[in-house]
Amino acid sequence: MNTFDVEEFRSETPGCESGVHFNHSGASLPSRSTLETIWDYLRREAADGPMEAANGASMLLEDVRAGAASLIGAAPDEIAFMGSGSAAWGAAFAALPPLAAGDRILVGRQEWGDNLATMQAAAARAGARIETIPVSEDGSVDTSALASMIDDRVRLVSLTWLPANGGLINDAAAVGRVTKAAGIPYFIDAAQALGHIPIDVAALGCDVLKAAGRKFLRGPRGTAILYVRREFQQQLVPPYMDVVSGPIVDGVVTIRNDARRFEASENSPALLLGLGTAIRQARVLGIDVVHERITALSRTLRDNLRGIAKVTVRDLGTDLSGIVSFTIDGMPSSEVRAALAERQIAIGANGVPYTPLDMTARRLDQIARASVSYLNTSSEVALLSEAVAEIAARA
Ligand SMILES: Cc1ncc(COP(=O)(O)O)c(C=O)c1O
């Protein structure tokens with residue numbers, strides 16, 4: 001399974017020294033180089049002054065943009081840097097033409113709760129409707145059902161590609177074929193895909209895609225990338241402007257001609273440069289290699305968990321990601337997470353608000369979520385499996 005020396009990556013990751021991390025879909029562990037990039041830049045800000053240091057960083061930041069673009073098959077002018085995935089999604093959504101009464105928005109059942117909340121508030125204001133695309137037998141988005149739902153009132157299709165609450169990988173490209181044929185804007189939430197599985201925006205056929213830097217990519221918290229297809233950008237009026245995104249020139253608001261129309265001019269170069277280091281490392285390593293290793297480790301973890309009494313693996317889908325969701329009979333998932341934390345093993349626990357439609361449809365109120373990175377090892381998978389078995393035996 002090892003096509004590279006995992007110990008080398010682990011020794012370059014301070015977080016691997018203290019405990020076992022299976023919360024890469026919450027936030028992963030940054031490498032020492034990423035951290036040093038951030039610290040070096042903060043030192044420069046302290047010495048030269050923050051504005052003065054930024055003058056010397058602009059070319060470096062354009063390299064980060066080019067790296068982010070290459071990672072997802074986009075062009076640099078299609079990338080904006082944002083502070084969070086949900087802020088990125090919200091900015092693109094708010095830039096769409098206003099909704100009217102009777103308009104429809106179609107969403108996947110695993111839609112990320114923050115996106116859904118943003119859509120629901122806007123739909124309620126306008127008298128528009130949000131409708132859930134049915135799922136196929138394996139729980140993934142049913143693209144034939146989607147095709148049959150399309151009419152001239154549909155304003156947007158939004159899909160969370162890899163949901164927050166389990167190992168499903170939706171067929172995002174198949175959805176893209178339907179939206180493209182119908183000429184309907186298509187947004188993808190790729191929060192759990194970036195740095196985890198290969199991404200090619202052209203193959204996906206999306207107009208907008210966003211993801212935070214802190215998850216499988218191992219970038220810093222407080223960073224996210226927003227892709228907006230070049231031709232689509234002109235249809236969007238950002239919800240706010242500043243002197244870079246939309247300055248007033250001769251009395252007229254002049255919106256930038258690239259995705260930076262969504263970007264705030266005030267941001268953290270230190271974090272963005274740290275993101276750049278994480279992107280560079282991911283590209284050198286190769287997302288195919290990362291994906292292959294994650295798939296193998298998470299398959300073993302699922303097999304182990306399936307063999308434990310009182311444990312139910314909750315992942316939907318046929319093609320599975322590195323997010324392994326499970327429950328233990330008679331024990332809330334927040335307690336499972338706490339019991340593992342006592343053993344220095346970090347996992348996540350998700351409630352209904354993260355994926356309201358899916359959790360409600362499946363009558364789940366919580367799931368425990370162990371998310372696997374290429375940084376994890378087979379012995380960590382064994383350790384986690386044994387710990388879950390002990391906890392389940394006492395539940
Ligand atoms: C599908 C999905 N979208 C978005 C997010 C997070 O977005 P944000 O960067 O706003 O926290 C998560 C996880 O935290 C997620 O699983």
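1. A word on terms before the walk through the fold: helices (H or I, at least four residues) and strands (E, at least two) are DSSP runs, and their numbers count from the N terminus. With that in hand, one can say that Arg218 sits in the loop between S7 and S8. Please keep in mind that this is a predicted model.

2. Starting with the whole chain, its secondary structure comes to 15 helices and 15 strands. The radius of gyration is 21 Å, close to the 21 Å that the globule rule gives for 395 residues, so the chain is as compact as a globular protein of that length. The C-alpha trace spans about 70 × 55 × 35 Å along its principal axes. Of the 395 residues, 54% count as buried. If you look at contacts between residues at least 6 apart in sequence, 69% of them join residues at least 24 apart.

3. On annotation, an unreviewed UniProt entry carries the feature "domain: Aminotransferase class V", which covers residues 25-384. In the model, that span is 41% helix and 16% strand, and its end C-alpha atoms lie 16 Å apart.

4. Now to the sheet. Seven strands make up an open sheet with mixed pairing, in the order S2-S8-S7-S6-S5-S3-S4. At its edges are strand S2 (79-82) and strand S4 (129-132), each of which pairs on one side only. From one strand to the next, the twist averages 20°.

5. Two helices that pack on this sheet deserve a look. Helix H5 (residues 85-94) touches S2, strand S3 (104-107), strand S5 (154-160), strand S6 (186-189), strand S7 (208-212) and S8. The direction of H5 makes about 160° with that of S7. Helix H6 (residues 113-126) packs on the sheet too, touching S3, S4, S5, S6 and S7. Its direction makes about 140° with that of S4.

6. Which strands does S8 (residues 224-228) pair with? S2 and S8 pair in the antiparallel sense over four bridges, and five bridges join S7 to S8, which also run antiparallel. You can check the register residue by residue: on the S2 side, Ile79 stands opposite Tyr227 and Met82 stands opposite Ala224. On the S7 side, the bridge partner of Val208 is Val228.

7. Is S8 mostly covered or mostly open? It is mostly covered, with five of its five residues buried. Ala224, Leu226 and Val228 point one way from the strand, while Ile225 and Tyr227 point the other way. In a regular strand the side chains alternate between the two faces of the sheet.

8. The nonpolar interior comes next. In soluble globular proteins, nonpolar side chains tend to be buried together. Here the largest nonpolar core has 51 residues, and those with the most contacts inside it are Ile72, Trp161 and Leu209. Apart from this core lies another, of 37 residues, among them Leu301, Ile347, Val372 and Tyr374.

9. What does Ile72 touch? Leaving aside neighbours within four places in sequence, Ile72 is in contact with Ile79, Leu194, Ile199, Asp200, Val201, Leu209, Ile225 and Tyr227. Several names there will be familiar from the sheet: Ile79 and Tyr227 face each other across S2 and S8, and Ile225 and Tyr227 point the same way from S8.

10. Two backbone angles may catch your eye. Arg218 has a positive phi of about 75° although it is not a glycine, and Gln344 likewise has a positive phi, of about 60°, without being a glycine. Are these residues buried or exposed? Arg218, in the S7–S8 loop, counts as buried because its relative accessibility of 4% is under 20%. Gln344 is found in the loop between H13 and strand S13 (345-346). At 53% relative accessibility, Gln344 counts as exposed, because the cut-off is over 50%.

11. A last stop is Ser333, in helix H13 (residues 333-342). Ser333 is buried, with a relative accessible area of 2%. Not counting residues up to four places away in sequence, it touches Phe326, Thr327, Ala349, Gln366, Ile367 and Ala368.

Conventions:
Residues numbered from 1 in each chain as written. Predicted model: local features only at pLDDT ≥ 70, side-chain atom pairs only at ≥ 80, totals over all residues. Heavy atoms only, no water. Core = buried A, V, L, I, M, F, W, Y, C linked by side-chain atoms within 4.5 Å. Buried < 20%, exposed > 50% of the residue type's maximum accessible area, 1.4 Å probe, protein only. Contact = heavy atoms within 4.5 Å. UniProt positions renumbered as here; feature names shortened; annotations may be inferred. Pairing = 2+ DSSP bridges. Axes fitted to C-alpha atoms, helices over the stretch in contact; angles between N-to-C directions. Rg over C-alpha atoms; globule rule 2.2 N^0.38 Å.
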